[in-house]
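The exercises below are to be worked with the sequence and the 3D structure at hand. Each task is followed by a solution in steps.

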Amino acid sequence: MTLAIVLAAEPAAGHLTEPPAHPVEPAGRVNGEPLTERLAAQWRRAGADDVRIAADLTELADLVAGATGPVLVSGADLVAHTAVLKHLVTSPVGPTVALVLTDPPAAGQATVREERGQVVEVGAADASGVFGGALRVGAADLPALADAARRAGGGPLGAVDRLVAGLAARGALIFAHRVRLLVAHRVGDEAQRAAAESAVAAVDEDRAELKLSVKERDDFFTTFFVSTWSPYVTKAAARVGIGPTGVTMISVAFAVAAAVLFGTGGRPALVAGAVLLYLGFVLDCVDGQLARYTRHFSAWGGWLDTMADRFKEYVVYAGLGFGATHAGFRYGWALALAAMTLQTVRHMTDTWYGALHDEAARRPKVVTADAGGIGGKLNAASTRVQADTGSVSYWLKRTVVFPIGERWALIAIAAALFGPLVALVAVLVWGTLAFAYTGGLRTLRARWMRVPVLTTVDAGLHRDDGLLARTLPTARRPLLLAVLGALGAAGTLVWALLAVHGGGDLPVWVPVLALVLLLGAAQGSRSPHDGSLDWLVPAALRAAEYLFAIAVGVAGRAPAWLIFGYVLVLTLLHYDLTARLEKRQSAPPLHAATLGWPGRSLLLTIGLIAGYASIALATLGAYLVVVFVASVVLAWVVLPARARGGVRSPG
């Protein structure tokens, strides 16, 4: 149940006569009708289930107190396309979202400063925009909204502006929704109203919405080789009724078919695989564009898109690894494993650095203000480059980090022209250089920001420690312990490779020593992750577990495809965690049953010592697949069905 409230008491619209507060049955759009009536009608067309007009903030607080779902609030001085309000209603960026405009602030209007899409300050002197007079407030923030309305008092700001300022002051996380291509203005008199209405009438809403389905800032390959024509596919999909999930599934099928062709080998198959891979990537963009165009967002769709992207890429690595091996290269699967491990660890650092940056943005600027240091200079330089949209430096910065469009383009071109081996080597070389570049710069900037981001989340959950780690003694310095564990795993892998290559066996004490180092890393689970570089801990632990599992497989002479499959299952488990972190969701329902990385590593060590490494990898991998599938069914089918039926889901 979504409630929309139009706040009639708005000094900024003093010339516009408004009717007294009352529940409304919205009328159609008629020139000259009161703005409150028009906004009420627009909110209903935008998706509100119930629309009310409040005379003042006290009445608004009473309405909010009885709400059970999201609440939409707007002042009476907003003239905008209905699509602007619909986009605010359906925005997937967060539960609480405010409309932000680039118009010069007028009397009574609150300025805002935003960073990384978050409103970090209302009434800022160094504002990046002005509050647009409308916001969506999530259910968790409704008590803060009601309290802000009751305590807003008077002042130079308009009523709705005092409301958003009070909400921000109470610690609500507010995301910014910018208006692009469409029109939204706050008006103060009839002349401004007429000008705004003319601007609204001059824009074709549907055409603008189709353009808006394309990301405003994307990577070079996607911008110039996909988004130039993918909106036509998006429009066609919307017309025939294919949803974003359906497009995602077709994209997965294309990627799997490309992987099979890469594994088959032969020039025609490689070229066909490259074409299918490109078309699969186009569809990968279309599913998001279709969701934005039709405004069909869901937590399930976001989760599925994240998981499908990684599964597609890693299945393609498997096809390339098989193809390189089939062509006579002994270490084709090893290269595929290296590419998958590298990319997953990179993604873990991306996720946690993003969380670090978001937390830094919410802190007072004085905490991070050290413009004279190298981190401050790097931050300023990065900001300048990002602002210079379309310049050579802008595109170089976006391309050098090796985003997904560039990865898929490189794979397709290299595989079609030179074969699977060259494609894998190219991915590894560029990926390693990109990791070194981003890792080095981010480390310097993180030390400058000095934000202990892991203190704001459940570190034990996202470290994936499991029960075994919680039974071990607690030790300080989680980053140092994680790095030592990763080095131990890497050393074990090198020793295993040398031993097997020389025709011998790995001494028992080597994996045992590596396991001890890994368990030492687990001892940092309950320690405060308050160091400036502790955001690197999850990635280091992922690297440690993957390398250790590969070492066990190599030492136990397990088939390369089995080792790849086991690590692939681990990556899916970890991407499930990071997808939930990014969406601020709780742990998967059966997360405890995955045993944690220390428990899984212990079982693999026992299997290796017993001489059954292959059986251990296969059995544990199959068990984790079953747990993962069951957890997905519980999280996205069973528990939501119980919630809809009135049965409380387990917390």
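Two strands count as paired if DSSP finds at least two bridges between them. The model is predicted.

**Exercise 1. Strand 8 and its partners**

Task: Find which strands pair with strand 8, in which sense and over how many bridges.

Solution:
- Step 1. Strand 6 (residues 111-115) is joined to strand 8 by two bridges and runs antiparallel to it. The cut-off is at least two bridges, so strand 6 and strand 8 count as a pair.
- Step 2. One residue to look up here is T111, whose bridge partner in strand 8 is V130.
- Step 3. Strand 3 (residues 71-75) is also antiparallel to strand 8, with four bridges. V73 has L135 of strand 8 as its bridge partner.
- Step 4. Strand 5 (residues 97-101) pairs with strand 8 over four bridges, again in the antiparallel sense. A98 has L135 as its bridge partner in strand 8.

Task: Decide whether strand 8 is largely enclosed or open.

Solution: Strand 8 covers residues 129-137, and nine of its nine residues are buried. The strand is therefore largely enclosed by the rest of the structure.

**Exercise 2. Nonpolar cores**

Task: State how many residues the largest nonpolar core has, and which of them have the most contacts inside it.

Solution:
- Step 1. The largest nonpolar core holds 117 residues, and F262 and Y317 have the most contacts inside it.
- Step 2. Helix 23 (residues 537-555) supplies the largest share of this core, 15 residues.
- Step 3. A second core, separate from this one, has 34 residues; V100, L135, A148 and V160 are among them.
- Step 4. Leaving aside neighbours within four places in sequence, the contacts of F262 include L270, L277, V316, I411 and P420.
- Step 5. In soluble globular proteins, nonpolar side chains tend to be buried together.

**Exercise 3. A nonpolar patch on the surface**

Task: Find which helix gives the largest share of the nonpolar patch.

Solution:
- Step 1. The patch on the surface is formed by W495, V508, W509, V512, L513, V516, L517 and I609. Together they have about 720 Å² of accessible area.
- Step 2. Helix 22 (residues 509-522) gives the largest share, five residues. V516 is located in helix 22.

**Exercise 4. Three helix residues**

Task: For P244, V286 and H347, decide from the relative accessibility whether each is buried or exposed. Then list contacts beyond four places in sequence.

Solution:
- Step 1. The cut-off for buried is under 20% relative accessible area.
- Step 2. P244, in helix 10 (residues 244-264), has 17% relative accessibility and so counts as buried. Its contacts beyond four places in sequence are D287, L290, A291 and H296. The C-alpha atoms of P244 and R292 are 9.4 Å apart, although 48 residues separate them along the chain.
- Step 3. V286 belongs to helix 11 (residues 267-294). V286 counts as buried because its relative accessibility is 0%. Beyond four places in sequence, V286 touches S230, V233, T234 and V247. Its C-alpha atom is 8.9 Å from that of S213, 73 residues away along the chain.
- Step 4. H347 is part of helix 13 (residues 332-362). With 14% relative accessibility, H347 also counts as buried. With neighbours within four places in sequence set aside, H347 is in contact with R310, Y314, R407 and Y575.

Key
Residues are numbered from 1 along each chain as its sequence is written. This is a predicted model: local features need pLDDT of at least 70, side-chain atom pairs count only at pLDDT 80 or more; totals for chains, interfaces and linings use all residues. Side-chain values use heavy atoms; hydrogens and water are left out. Buried means under 20% relative accessible area, exposed over 50%, partly exposed in between (1.4 Å probe, protein chains only). Contact means heavy atoms within 4.5 Å. Patches are made of residues with over 30% relative accessible area and no salt bridge: like charges are joined within 9 Å, nonpolar side chains (Val, Leu, Ile, Met, Phe, Trp, Tyr) within 5 Å. Accessible areas come from the Shrake-Rupley method with a 1.4 Å probe; for residues, only the protein chains shown count as cover. A salt bridge is a side-chain nitrogen of Lys or Arg within 4 Å of a carboxyl oxygen of Asp or Glu. A nonpolar core is a set of buried Ala, Val, Leu, Ile, Met, Phe, Trp, Tyr and Cys residues joined through side-chain atoms within 4.5 Å.
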